[in-house]
Amino acid sequence: MKGRIRDIVCIGAGYVGGPTMAVIADRCPDISVTVIDMNEARIAAWNSDALPVYELGLAEIVRRTRGRNLRFIPQAEGAASIAQADAIFISVNTPTKTQGEGAGKASDLSYVESCARYIAEHATGPTIVIEKSTMPVRAADTIKRILSSGKNGGSFHVLSNPEFLAEGTAIRDLEKPDRVLIGGENVTAIEALAAVYRHWVPDAAILRTGLWSAELSKLAANAFLAQRVSSINAISALCEATEADVDEVAGVCGADTRIGLKFLKASIGFGGSCFKKDLLSLIYLCEFYQLSGPAAYWQGVLDINEWQKRRIAAMAAEYAKLGGGVVAILGLAFKKNTNDFRESPAIDICNQLLAAGIRLRLQDERVDAGDFAKTLVDERKAGFAFFPDIGQAVSGAGAILILTEWDAYAALDWTALARLTAKDAAIFDGRGIVRRAAAQAAGFKVFTVGKGQAPN
Ligand code: NAD
Ligand code: UGA
């Protein structure tokens with residue numbers, strides 16, 4: 001095996017593959033990076049000015065690397081690149097299985113397996129194959145088995161290099177990661193990949209582990225983060241019942257350096273494409289290894305999340321029914337600074353409100369309205385409408401429900417908006433960003449998650 005990586009291919013041009021490869025190309029001008037994807041429209045978008053992923057700073061990096069040492073090509077044209085690659089990242093989706101053994105919990109590895117078959121078919125030389133996607137522990141066994149069936153005589157080393165970036169801060173996370181994790185069995189392969197990251201990451205931040213620890217660490221890290229959000233959300237309900245303030249409680253707990261302040265912001269529940277799917281994958285693994293106690297423990301983290309979404313939607317629905325039954329929803333993305341709404345709490349909350357007969361006026365500065373509409377269960381598609389403008393969205397609404405913490409919502413002029421809403425309108429701040437005194441002075445009743453009872 002070559003000890004130096006000069007030619008990288010990444011299969012999967014999604015939220016992880018695109019930004020990660022752009023940063024590698026930017027930081028490693030001596031390495032050629034090719035990203036391939038079976039979705040030709042996505043590749044075309046990466047080659048255009050309208051990138052398929054919105055992340056702060058991404059467009060500038062793509063602009064300076066694309067055509068230099070970064071290129072995006074459709075998979076149909078990818079065979080020659082695979083044959084030439086020293087290292088191939090697999091960065092495709094690993095969603096929850098919808099059918100077969102483990103449906104509803106286990107990760108669907110069919111996309112990963114098809115990548116492994118594609119590599120086995122086209123790779124020629126010694127190649128390092130890198131799991132960038134989040135995998136269940138021991139998934140590398142399956143990849144190795146498929147790779148060894150290749151007819152070209154290519155030899156392979158499989159590494160696990162899970163990605164820890166968060167959406168909305170992807171470029172910052174990639175450029176200054178807390179840690180890079182490389183799990184593997186072959187020291188030369190591990191060090192070849194470490195040398196790529198060492199172009200900009202200090203060696204002390206590059207953690208080397210065994211394959212199985214790396215795979216499991218990724219699932220465990222996401223589970224720990226999700227567990228913190230569920231913990232503070234469980235406390236938020238108790239705060240509302242007792243007049244304690246959830247931000248004060250989080251501040252006090254987080255001031256203990258053993259606990260820390262991050263991931264203690266109460267909310268309408270966590271969303272995103274990974275926390276739920278990775279918790280489900282972890283639960284499935286526990287059950288597979290007959291560890292029913294741990295499985296129930298992690299299931300509890302998910303259950304609190306569902307409960308939080310349901311109870312906040314129910315409060316807003318109850319209040320809106322007293323007025324004209326119209327709710328303005330501000331924010332559809334699962335967090336700010338991303339256009340991603342996969343598993344966004346907004347989906348379940350909107351659907352619960354629609355089922356209760358509430359009419360919705362929806363607004364988000366980045367989320368594609370047509371795509372979001374497909375997630376709503378409303379046969380006649382008549383119970384909701386999208387508005388590009390916040391003022392239009394709140395016009396006539398009896399309740400305003402804030403579901404994403406976009407900066408624009410934190411800086412709203414409530415006096416101006418009060419002239420547009422229905423009389424006695426209430427704000428349900430699911431993100432704890434509204435300046436309550438200003439909103440109350442403008443005449444709004446205000447509910448903030450974890451701070452007092454809902455208005456009635
Ligand atoms: P994504 O859905 O945005 O992108 C995956 C891409 O892979 C798609 O464009 C799809 O067309 C392509 N693809 C699937 N199968 C393919 C195949 N056989 N050949 C070629 N292309 C194929 O997914 P994502 O959000 O980038 O996540 C990818 C992986 O990274 C997942 O395992 C996820 O859990 C993990 N992850 C995601 C994030 C995140 O913030 N989104 C962060 C860390 C880890
Ligand atoms: C998360 C992890 O933070 C990343 O490290 C990981 O790589 C990624 O999952 C992944 O594997 O996909 P992401 O889902 O993009 O990243 O975003 P987070 O910042 O973790 O937020 C997840 C959800 O939790 C969001 O809905 C967010 O609003 C919510 N959240 C987060 C809270 O409600 N409160 C908090 O204090 C923090």
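Which polar backbone atom is 3.4 Å from an oxygen atom of ligand 2? One that belongs to E163. That makes a handy way into this predicted model, where local features need pLDDT of at least 70, side-chain atom pairs count only at pLDDT 80 or more, and totals for chains, interfaces and linings use all residues. Residues are numbered from 1 along each chain as its sequence is written, chains are lettered from A and ligands numbered from 1 in the order in which they are written, and side-chain values use heavy atoms, with hydrogens and water left out.

**Polar contacts**

Here are the contacts for both ligands; a polar contact is a pair of N or O atoms within 3.5 Å (within protein, one must be able to donate a hydrogen and the other to accept it, and residues adjacent in sequence count only if both atoms are side-chain atoms).

| Ligand atom | Protein partner | Distance |
|---|---|---|
| Ligand 2, oxygen | E163, polar backbone atom | 3.4 Å |
| Ligand 2, oxygen | N222, side-chain N or O | 2.8 Å |
| Ligand 2, oxygen | R431, side-chain N or O | 2.7 Å |
| Ligand 1, oxygen | Y15, polar backbone atom | 3.0 Å |
| Ligand 1, oxygen | R42, side-chain N or O | 2.7 Å |
| Ligand 1, nitrogen | S114, side-chain N or O | 2.8 Å |

**Ligand 1**

The protein covers 94% of the 830 Å² of accessible area that ligand 1 has on its own (Shrake-Rupley method, 1.4 Å probe; for residues, only the protein chains shown count as cover). Its shell holds 27 residues, with D37, R42, T94, S114 and K277 the closest; a residue is near if one of its heavy atoms lies within 4 Å. By type, that shell splits into nine nonpolar, 11 polar and seven charged (nonpolar: Ala, Val, Leu, Ile, Met, Phe, Trp, Tyr, Cys and Pro; charged: Asp, Glu, Lys and Arg; the others, Gly among them, polar). Helix 5 (residues 110-122) gives the largest share, three residues; helices are DSSP runs (H or I, at least four residues), numbered from the N terminus.

**Ligand 2**

Around ligand 2 there are 20 residues, and F164, L165, S267, C274 and R431 come nearest. The mix is 11 nonpolar, three polar and six charged. Helix 9 (residues 211-242) supplies four of them, the largest share. Ligand 2 lies between domain 1 (7-209) and domain 2 (276-448), because both give residues to its shell; the bounds come from an automatic or database domain assignment.

**Cavities**

A whole-structure search turns up three cavities of 30 Å³ or more. A cavity is a set of points, on a 1 Å grid over the protein atoms alone, where a 1.4 Å probe fits but cannot get out; lining residues have an atom within 4 Å of a point. The largest has about 40 Å³ of space, and its lining includes F270, K276 and E343. Helix 12 (residues 292-322) gives three residues, the largest share of that lining.

Definitions and conventions. Helix = DSSP H or I, 4+ residues; strand = E, 2+ residues; numbered from the N terminus. 1 Å grid on protein atoms, 1.4 Å probe; cavity = no way out; pocket = protein on both sides within 12 Å on 5 of 7 lines; lining within 4 Å. Points joined across faces, edges and corners; volume = space filled by probe spheres on them.
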